[in-house]
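Please look over the structure shown below before reading the notes that follow. They are meant for reading beside the sequence and the coordinates.

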Amino acid sequence: MAREEIVSNASEQLILVDENDREIGFKAKNDCHLGGGTLHRAFSIFVFNSSNELLLQQRSGSKMLWPNYWSNTCCSHPRRGEAMQDAVVRRLEQELGFRCPLTYLYKFKYQAQFGSIGAEHEYCSVYYGRYDGPVDVNVNEIAAWRWIDIGSLERELAAAPDTFTPWFKMEWVHIKANYLDGRSEEHTSELQSHLNLVCRL
């Protein structure tokens, strides 16, 4: 499958935002992640198949932050001048070689430090998708990938939490509580129909 070339970190301009996710400027990708990080716009995608398995990726060993850690299906950033709905489609195809309908779930702000190397400081929009076709990973971005059922994922997170990225763990707690378990007041039939998942933990 032909893919758009991924822009180098040096030239890719990310969107800086304030505490209310309002655009306030732009900055090179690498610079956004130095020190404690500069707050910027990002997204995170969770793709499940019809067996209710989540597609995980192991980040490339060449990544500046959290190399070789396991994470959710796809995480990245909209570029300067790019709408979020275009960015999620672009990056999913760049990294994993497929497209699927994506549904916005929620957004949150977080900061996570990776030792002295740098940090993620993001206003992150989270999306959900369904897909059953082939996966064609970009080996420059992804070291490994796999489908995992919810029960197995829960056991791995409990046994080896330090092998997963911090944003994935935060997002999974929220998704499980609000969209899978059905115990939260935010859980609605509309969201349940979007997700169409059954969770028996």
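The points below deal in turn with salt bridges, backbone angles, one helix and a surface patch.

This is a predicted model. A search of the whole structure finds 12 salt bridges, and several of them are described here together with the burial of their residues. One residue, Asp21, appears under two topics, since Asp21 has a positive phi and also forms a salt bridge with Arg41.

**Salt bridges between separate parts of the chain**

- Glu12 and Arg79 meet through their side chains in a salt bridge, with an N to O distance of 3.8 Å. Because Glu12 lies in the segment before β1 while Arg79 lies in the loop between β6 (74-76) and α2 (84-96), the pair ties together parts that are 67 residues apart in sequence.
- Both partners of that pair fall under the 20% cut-off for buried residues, as Glu12 has a relative accessibility of 2% and Arg79 has a relative accessible area of 15%.
- Asp21 and Arg41 form a salt bridge in which the closest N and O atoms are 3.0 Å apart. Asp21 belongs to the loop between β1 and β2 and Arg41 to strand β3, so this pair ties together parts that are 20 residues apart in sequence. Both Asp21 and Arg41 are buried.
- Arg146 and Glu156 form a salt bridge whose closest N and O atoms are 2.9 Å apart. Arg146 is in strand β9 (residues 142-149) and Glu156 is in helix α3 (residues 150-159), so the contact ties together parts that are 10 residues apart in sequence.
- In this pair the side chains belong to residues that count as partly exposed, with a relative accessibility of 23% for Arg146 and of 27% for Glu156.
- A network of salt bridges links Lys63, Arg91, Glu95 and Glu141.

**Positive phi angles outside glycine**

- Asp21, although not a glycine, has a positive phi of about 65°, and its place is in the loop between β1 (13-17) and β2 (23-28). With a relative accessible area of 12%, Asp21 is buried.
- Asn52 is likewise a residue other than glycine with a positive phi, here near 60°, and Asn52 is placed in the loop between β3 (40-48) and β4 (53-59). Asn52 counts as buried, at 17% relative accessibility.

**Helix α4**

- Helix α4 covers residues 166-180, which is 15 residues, and reaches 20 Å from its first C-alpha to its last, close to the 21 Å expected at 1.5 Å a residue.
- The buried residues of α4 include the aromatic residues Trp167, Phe168, Trp172 and Tyr179. Also among the buried residues of α4 are Pro166, Glu171, Ile175, Asn178 and Leu180.

**A nonpolar surface patch**

- Leu34, Met64 and Ile117 make a nonpolar surface patch of about 250 Å².
- Met64, one of the residues of this patch, is found in the loop between β4 and β5 (70-71). At 31% relative accessibility, Met64 counts as partly exposed, and that value is also over the 30% cut-off that applies to residues of a patch.

How values were computed
Residues numbered from 1 in each chain as written. Predicted model: local features only at pLDDT ≥ 70, side-chain atom pairs only at ≥ 80, totals over all residues. Heavy atoms only, no water. Helix = DSSP H or I, 4+ residues; strand = E, 2+ residues; numbered from the N terminus. Expected span 1.5 Å × (residues − 1). Buried < 20%, exposed > 50% of the residue type's maximum accessible area, 1.4 Å probe, protein only. Salt bridge = Lys/Arg side-chain N within 4 Å of Asp/Glu carboxyl O. Patch = residues over 30% accessible without salt bridge, like charges linked within 9 Å, V, L, I, M, F, W, Y side chains within 5 Å. Areas by Shrake-Rupley, 256 points an atom, 1.4 Å probe, with all protein chains shown as cover.
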